Amino acid sequence: MGIADKVSELINNAKQKIKKEVSDIENRTDLSDQQKIDQIITVFSTFCAAIAVQPIPFADVFVLTPIQGYMGKKLADIRGYNISEAGAKEVFKELAGLVGLGFLAQQLAIGAYKTVLPFLGAITTIPLVFGLTFGMGRVMDYYFIKKIKGEKIDKETLQNIFKKARAEGKTRSKENKEDINKKKAEL
């Protein structure tokens with residue numbers, strides 16, 4: 001099995017498991033929209049962290065971006081913003097560019113941890129990716145809220161939201177470590 005096949009299989013496995021955990025969450029009436037958003041961001045951050053420690057060097061951007069795009073689709077659904085899954089990937093890429101080169105640097109760091117510094121990988125990759133995905137989830141949520149209201153989206157505000165949420169996500173990754181390791185084993 002080639003690397004492309006492994007990547008495809010990993011994406012499909014993750015999407016199936018994520019769908020099981022968040023299927024039709026936007027239609028649930030027992031949770032507020034904010035509770036739904038929080039759950040989606042945490043579930044996707046957990047899965048992305050579990051995926052990032054899989055032994056596929058430098059494939060993370062090809063694996064994580066579609067999954068983070070799917071997170072965007074679910075967030076848009078909850079907020080009532082009509083977007084396709086492909087459109088969500090484009091929004092993710094646009095927002096990643098707006099929040100700066102930190103996103104690219106983190107992707108390169110993940111690859112380095114797997115190849116040059118593999119002994120640090122599990123220790124550093126999980127909080128890095130959980131925080132990144134958590135931050136991007138918060139940024140996407142803000143983006144969709146502003147789009148629905150027809151309000152201007154400020155780059156500096158997006159960057160501040162990302163920085164705060166990424167730091168919060170790194171802290172939360174420690175709280176979710178057991179669940180992340182469970183998801184890693186499932187994948």
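Contacts in this chain lean on the long-range side: among pairs with a separation of 6 or more, 75% join residues 24 or more positions apart. The model is a predicted one, and the numbers below should be read with that in mind. Of the 187 residues in the chain, 48% count as buried. The accessible surface adds up to about 9,100 Å², and carbon and sulfur atoms hold 53% of that area. As for secondary structure, there are 8 helices and 0 strands, so the run of elements from the N terminus is simply α-α-α-α-α-α-α-α.

Now to the helix packing. Two packed helices are described by the angle between their axes and the distance between the axes. For H1 (residues 3-22) and H2 (residues 33-52), the angle is about 155° and the axes sit 11 Å apart. Since angles over 145 degrees count as roughly antiparallel, H1 is therefore roughly antiparallel to H2. The crossing of H1 past H2 is right-handed. On the H1 side, the contact is built from Leu-10, Ala-14, Lys-17, Ile-18, Glu-21 and Val-22; H2 answers with Gln-39, Ile-40, Val-43, Phe-44, Phe-47 and Ile-51. Sorted by class, the contact of H1 with H2 comprises 9 nonpolar residues, 1 polar residue and 2 charged ones.

H2 also packs on H8 (residues 177-186), where the axes come within 8 Å and cross at roughly 55°. That angle makes H2 oblique to H8. Here, too, the crossing is right-handed, with H2 passing H8. The residues that meet are Thr-46, Phe-47, Ala-49 and Ala-50 from H2, and Asp-179, Ile-180, Lys-183 and Lys-184 from H8. The class count for this contact of H2 with H8 is 4 nonpolar, 1 polar and 3 charged residues. Phe-47 is worth picking out, as this H2 residue is listed in the contact with H1 and in the contact with H8.

Elsewhere in the chain, Tyr-142 offers a view at the level of one residue. Tyr-142 is part of helix H6 (residues 118-149). Its relative accessible area is 19%, and because buried means under 20%, Tyr-142 counts as buried. Leaving aside residues up to four places away in sequence, Tyr-142 touches Ile-153, Asp-154, Thr-157, Leu-158 and Ile-161. One of these partners, Thr-157, lies 15 residues from Tyr-142 in sequence, with a C-alpha to C-alpha separation of 9.5 Å in space.

How values were computed. Residues are numbered from 1 along each chain as its sequence is written. This is a predicted model: local features need pLDDT of at least 70, side-chain atom pairs count only at pLDDT 80 or more; totals for chains, interfaces and linings use all residues. Side-chain values use heavy atoms; hydrogens and water are left out. Axes are lines fitted to C-alpha atoms, for helices over the stretch in contact, and angles run from 0 to 180 degrees between N-to-C directions. Helices (H or I, at least four residues) and strands (E, at least two) are DSSP runs, numbered from the N terminus. Angles under 35 degrees count as roughly parallel, over 145 as roughly antiparallel, 65 to 115 as roughly perpendicular and the rest as oblique. A crossing is left-handed if the near helix is turned anticlockwise from the far one by less than a right angle, and right-handed if clockwise. Contact means heavy atoms within 4.5 Å. Ala, Val, Leu, Ile, Met, Phe, Trp, Tyr, Cys and Pro count as nonpolar, Asp, Glu, Lys and Arg as charged, and the others, Gly among them, as polar. Buried means under 20% relative accessible area, exposed over 50%, partly exposed in between (1.4 Å probe, protein chains only). Accessible areas come from the Shrake-Rupley method with a 1.4 Å probe; for residues, only the protein chains shown count as cover.
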